Amino acid sequence: MNGFRAMKHVFCSAIIVFLLFVDILLAITFGWVRQAFGGVSMEELIFHLKVPLQGTDISSFVSFFRGALLPSIGIFTLMMAVWGRMRREKRQEINHRIRWKRIVVGIWVVECVVMGHYFSMGKYFYNQITATSWLEDNAIQPDEALLTWPEKKRNLIYIMMESMEASFASKRDGGMYDVGLTPELTEMAKNNLSFSDQKDTLGGAFPIDGATWTMGAMFAQTSGLPLKLGIELNSMDQYSAFFPGVTTLGDLLEQAGYHNILMIGSDATFGGRRNYFTQHGNYEINDYVWAKENGKIPKNYSVFWGFEDRRLIEMVKEKLLEVSEEDVPFNLTMLTVDSHFPDGYRCELCEKTYDTDYKDAIACSSRQIAQLVAWIQQQDFYANTTVIVTGDHLSMSAEMEKELGGYSHRRVYNCFLNAAAAPVKTQERVFTAMDMFPTTLAALGVQIEGDRLGIGTNLFGTRQTLAEELGFETYEQEISRHSSFFDSLAY
């Protein structure tokens, strides 16, 4: 009997000790997430729990180890030392266990309240249990029958810039800063075509649930749908298909005879990007893994997420000259990375102009992409090529969250060059990442019956976006709710 009691005591104590460490780790990790990543949505957290993490920037793991794991171990060790001292003082064991149970429960309750508020967990889980048919009722399935292609198909260069906001412009141009961080991109938008939510200044796309991180934005901009994985769905890496029920920009371009290429400076496996782009458009993937295998960088080369944008841009130029000689139209999509949170990456081209490395990286990215676009405009193939430059989402840098958190007009940057369509209205538009899908096709000269694909609306046309028809708050609420229709497209 005494042996059973002893085993029960040891088991209960072990459970308390384990839960105490988990509580401490969660509390410290929460603080680390806030400091390192700024605003992170529940949708993004759920998504990254369900997709492969292969290819993640190693510095994120190092930051977690230093900023969360080591401090948690230190605090836990100190608390265990206090517990041991209390036991040596021969106080009653039952009182010790009760006291530590209360501590564990207390920490857990505080964590639930604080984390629930920060990640809007209550709102998220409420939306998960309040299903809506709105998406099914309003989504237009892309079909070739709805599209009329121009007699001569145009090439597409789609430049997606990490965390690039219109908000980085000067206040005079509609941004947040006295002196803008991105004057080159601002001038590019002013001198070409850019859709804005503002009346006379630079603006852009509203951030929206399901498109507030890179893969979510890439999916939304190329499918006209938000990327939402319900908590009841299995992990994406358990399946060979990535949303097989969705027809995307890549699918349509492939059907139209395009050669699709994706070029990025990181491992395309991360976040399901490799599966998505190979399965929807049969994209040729030129990423960090490809660059090493093909001698573009040394085998052991690794900075930030893989290799920096200056190298990517040179590879893109080389690829553009190659595919422009082919007999079929091309779609080259590229994704920059140097302006990724938490601190960006300052390459040897970056100037030390601002008070943080992150701002310098943003400014450097603006200069490099402007130079790339200028180079493209000098090439023979440009005459029949549409170039689209867009941000993927708002910056999640904690630094930028502090500076821009109270700014109500944070919008995602966009610019269209050499488009084969003329817009009816570019200012005071309410639009999101989903509207980029049909708008991209329209920029290539494609006529779209009804001007809507997915839940995206062609911004070149006369039709209002769904966000404009409903009002953004109602639209956002419908997007946030659970959709069994969207679940059916996932597998």
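Below, a biologist asks a modeller how the terms applied to this predicted model are justified.

Modeller: Residues are numbered from 1 along each chain as its sequence is written. This is a predicted model, in which local features need pLDDT of at least 70, side-chain atom pairs count only at pLDDT 80 or more, and totals for chains, interfaces and linings use all residues, while side-chain values use heavy atoms, with hydrogens and water left out.

Biologist: What makes residues 309–323 agree with the span expected of a helix?

Modeller: Helices are DSSP runs of H or I with at least four residues, numbered from the N terminus, and the expected span is 1.5 Å times one less than the number of residues. Helix H12 has 15 residues and should therefore span 21 Å, and its end C-alpha atoms are 20 Å apart, which agrees.

Biologist: Which residues of H12 are called buried, and what do they pack against?

Modeller: Buried means under 20% relative accessible area, exposed over 50% and partly exposed in between, with a 1.4 Å probe and protein chains only. In H12 the buried residues include Asp309, Leu312, Ile313 and Val323. The buried residues of H12 pack against elements including strand E3 (259–264), strand E5 (330–335) and helix H13 (357–377). Over the protein chain, 56% of the 491 residues count as buried.

Biologist: What makes a set of residues a nonpolar core?

Modeller: The set must consist of buried Ala, Val, Leu, Ile, Met, Phe, Trp, Tyr and Cys residues joined through side-chain atoms within 4.5 Å. The largest has 67 residues, and Phe219, Phe243, Leu441, Ile455 and Tyr475 have the most contacts inside it. Helix H15 (residues 436–443) gives the most to this core, with five residues. A second, separate core of 48 residues includes Tyr177, Leu181, Tyr382 and Cys415.

Biologist: How do you know that strands E6 and E7 pair?

Modeller: Strands are DSSP runs of E with at least two residues, and two strands pair if DSSP finds at least two bridges between them. E6 (residues 385–391) and E7 have four bridges in the antiparallel sense, so they satisfy that definition. Thr390 has Asn414 of E7 as its bridge partner. Asn414 and Phe416 point one way from E7, Cys415 and Leu417 the other way, and all are buried.

Biologist: Where does pLDDT stay under 50?

Modeller: pLDDT is the predictor's confidence in each residue, from 0 to 100, and its mean for the protein chain is 83. It stays under 50 over residues 231–235, for which the model has 18 contacts (heavy atoms within 4.5 Å) beyond four places in sequence. Where pLDDT is low, the predicted coordinates should not be read in detail.
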